[in-house]
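Please look through the structure below, with its strands, its helices and its side-chain pairs in mind. The paragraphs that follow take these topics in turn.

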Amino acid sequence: MPLFAVTCRDKPGALQIRLDTREAHLEYLKNSDIVFMAGPLLEEGEMRGSLVVLDTEDMASAQAWVDGDPYGHAGLFQSVEIREWKKVIG
């Protein structure tokens, strides 16, 4: 299956939204069968975004996963980008 990299950037000053929603987001990640790897993007040691790599059939499936993320429902993100990604090393 193809891999899709989901890059999310938080709205400025939205750290509290991230912290308040983190437990639900982590549960969503753990319960998903398509998350290949995931973690926060850091700036100056503070979480300010997310990188999630999804192992799924197509862009529509990746978008459906993004649409269900509690972070998105909470209004955390300023931007979300989904791109097909190819693992070469690692």
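In which strand is F36 found? F36 belongs to strand β2, which covers residues 35-43. The model is predicted, and the values given here are computed from it. F36 has a relative accessibility of 39%, so it counts as partly exposed. Together with M37 and W85, F36 makes a nonpolar surface patch of about 280 Å².

F36 also appears among the contacts of K87. K87 lies in the segment after β4 and, with a relative accessibility of 36%, counts as partly exposed. When neighbours within four places in sequence are left aside, K87 is in contact with L3 and F36. L15 offers another reference point for K87: the two residues are 72 apart along the chain, and their C-alpha atoms are separated by 30 Å.

The next topic is strand β1. This strand runs over residues 3-10, and six of its eight residues are buried, so the rest of the structure largely encloses it. Which strands pair with β1? One is strand β3, residues 46-55, which pairs with β1 in the antiparallel sense over seven bridges. Within this pairing, V6 has V52 in β3 as its bridge partner. Another is strand β4, residues 77-85, where the pairing with β1 is again antiparallel and extends over eight bridges. Here C8 stands opposite V80 in β4. β1 therefore combines two antiparallel pairings, one with β3 and one with β4, with the burial of six of its eight residues.

From the strands we turn to the aromatic side chains. How many aromatic pairs does a search of the whole structure find? The search finds two. In the pair of Y28 and W65, the ring centres are 4.9 Å apart and the planes meet at 35 degrees, so the pair is tilted. This pair links distant parts of the chain, since Y28 sits in helix α1 (residues 15-31) and W65 in helix α2 (residues 59-68), with their positions 37 residues apart. Is W65 buried or exposed? W65 has a relative accessibility of 6% and therefore counts as buried. Y28, at 22%, counts as partly exposed, because buried means under 20% relative accessible area.

Y71 and F77 also form an aromatic pair, with 6.0 Å from centre to centre and 85 degrees between the planes. The arrangement of Y71 and F77 is edge-to-face, and both residues are buried.

Helix α1 also holds E27. With a relative accessibility of 42%, E27 counts as partly exposed. E27 and P70 are 43 residues apart along the chain, and 9.4 Å separates their C-alpha atoms.

The last topic is charge. Side chains of opposite charge can pair when their charged atoms come close. How many salt bridges does the structure hold? There are six salt bridges in the structure. One of them joins R18 to D10, with the closest N and O atoms 2.8 Å apart. Both R18 and D10 are buried.

R48 takes part in salt bridges with E43 and with E44. The N to O distance is 3.2 Å for R48 and E43, and 3.8 Å for R48 and E44. The accessibility of these residues can be read one by one. R48 has a relative accessible area of 26%, so it is partly exposed. E43 counts as partly exposed too, at 32% relative accessibility. E44, with a relative accessible area of 79%, is exposed, because exposed means over 50%. Which residues are linked with R48 in a network of salt bridges? The network joins R48 to R9, E43, E44 and E46.

Methods. Residues are numbered from 1 along each chain as its sequence is written. This is a predicted model: local features need pLDDT of at least 70, side-chain atom pairs count only at pLDDT 80 or more; totals for chains, interfaces and linings use all residues. Side-chain values use heavy atoms; hydrogens and water are left out. Rings of Phe, Tyr and Trp (its six-membered ring) pair if their centres lie within 6.5 Å; planes under 30 degrees apart count as stacked, over 60 as edge-to-face and the rest as tilted. Helices (H or I, at least four residues) and strands (E, at least two) are DSSP runs, numbered from the N terminus. Buried means under 20% relative accessible area, exposed over 50%, partly exposed in between (1.4 Å probe, protein chains only). Patches are made of residues with over 30% relative accessible area and no salt bridge: like charges are joined within 9 Å, nonpolar side chains (Val, Leu, Ile, Met, Phe, Trp, Tyr) within 5 Å. Accessible areas come from the Shrake-Rupley method with a 1.4 Å probe; for residues, only the protein chains shown count as cover. A salt bridge is a side-chain nitrogen of Lys or Arg within 4 Å of a carboxyl oxygen of Asp or Glu. Two strands pair if DSSP finds at least two bridges between them. Contact means heavy atoms within 4.5 Å.
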